[in-house]
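Q: I am new to this structure and should like to learn how its features are read. Please take me through them one at a time.

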Amino acid sequence: MPSKRQRFVEWAIDRVGLPCLWAAKGDYFVADGHRRLLLDSPAYDCSGLVPCALLAVTGKDLRDTRNAQKLWLELPVAYVRTDELEPYAVKPGDLAFYGPGELDIDHVVIYLAGGHILSASGARPSITTLEDAKRAGARVQVKQTANYRPDLRGFRSLAKYLDSKELKP
């Protein structure tokens, strides 16, 4: 049986190509402080993809309580950014974070392996419909390197959620 970490990565990879919509958490998004159901297609933003994957694998629902900044502050350091990523330092399923400063994190992605990452990207606050997301090319996608943005801050470990021996109920 695959580990929770493997299932987390596989679940996220299965979402490649789905739309990226600002504040989307799979089957809903938040607008004006209210949940709005997505009826046509699931969609994710960067900090919606991670909690949805965790929910699918662990049963723990963090969708309404976690964003990129909170995950950055909560999770233990896996690797601090330098010019080159040490490939052995980060495990598939760990998270990479981006932003203008340590206390201003605005993007999170899932590290896959070999330097590749999985990102729900391209959405902006002005992208409010699935049609807008599709036109803008905002989608869940694999990128060849974690250094695709110059403001990579570092990596955090999801070990507390993914490496425990407990199975999803």
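A: Helices and strands are runs assigned by DSSP, at least four residues long for a helix and at least two for a strand, and they are numbered from the N terminus. The model discussed here is a predicted one. With these names, a residue outside the runs can be placed as well: D32 lies in the loop between β2 and β3.

Q: How do strands β2 and β3 pair, and over how many bridges?

A: Strand β2 covers residues 28–31 and strand β3 covers residues 34–37; the two pair in the antiparallel sense, over four bridges. Two of the partners may be followed by eye: Y28 is bridged to L37 in β3, and A31 to H34 in β3.

Q: Which sign does phi take at D32, and is this residue buried or exposed?

A: The sign is positive, with phi near 55 degrees, in a residue other than glycine. The hairpin of β2 and β3 has two residues between the strands, and D32 takes this phi there. Exposed means over 50% relative accessible area. D32 counts as exposed because its relative accessibility is 71%.

Q: Where is A23, and is A23 buried or exposed?

A: A23 is found in the loop between α1 (4–13) and β1 (25–26). Its phi is positive, about 70 degrees, although A23 is not a glycine. The cut-off for buried is under 20% relative accessible area; A23 has 14%, and therefore counts as buried.

Q: How is the length of helix α2 read?

A: One compares the reach of the helix with an expected span. Helix α2 (residues 46–58) has 13 residues and reaches 19 Å from its first C-alpha to its last, close to the 18 Å expected at 1.5 Å a residue. At the N-terminal end, D45 acts as a cap for α2, with a side-chain oxygen 3.3 Å from the backbone nitrogen of S47. After α2 comes G59, whose phi is positive, near 85 degrees.

Q: Is α2 mostly covered or uncovered?

A: It is mostly covered, since 11 of the 13 residues of α2 are buried. Among them are C46, L49, P51 and V57.

Q: What is the volume of the largest pocket, and which residues are closest to its centre?

A: Rolling a probe the size of a water molecule over the atoms shows where empty space is left. The largest pocket has a volume of about 460 Å³. Its lining has 24 residues, of which W22, D45, C46, S47 and D106 are the closest to the centre. The elements giving two or more residues to this lining are α2, α3 (68–74) and β8 (117–121). The most comes from α3, with three residues. By class, the lining has nine nonpolar, seven polar and eight charged residues.

Q: Is D94 buried or exposed, and which side chain does D94 contact?

A: D94 lies in the loop between β5 (77–80) and β6 (95–98). Because its relative accessibility is 2%, D94 counts as buried. Its side chain makes a polar contact of 3.1 Å with the side chain of R5. In addition, a polar atom of the D94 side chain lies 3.4 Å from the backbone nitrogen of L158.

Q: How far apart are L162 and R7, in sequence and in space?

A: They are 155 residues apart in sequence and 9.2 Å apart in space, C-alpha to C-alpha. L162 belongs to helix α5 (residues 159–162) and is buried, with a relative accessible area of 2%.

Notes. Residues numbered from 1 in each chain as written. Predicted model: local features only at pLDDT ≥ 70, side-chain atom pairs only at ≥ 80, totals over all residues. Heavy atoms only, no water. Expected span 1.5 Å × (residues − 1). Buried < 20%, exposed > 50% of the residue type's maximum accessible area, 1.4 Å probe, protein only. Polar contact = N/O pair within 3.5 Å; in protein donor to acceptor, adjacent residues only side chain to side chain. 1 Å grid on protein atoms, 1.4 Å probe; cavity = no way out; pocket = protein on both sides within 12 Å on 5 of 7 lines; lining within 4 Å. Points joined across faces, edges and corners; volume = space filled by probe spheres on them. Nonpolar A, V, L, I, M, F, W, Y, C, P; charged D, E, K, R; others polar. Pairing = 2+ DSSP bridges.
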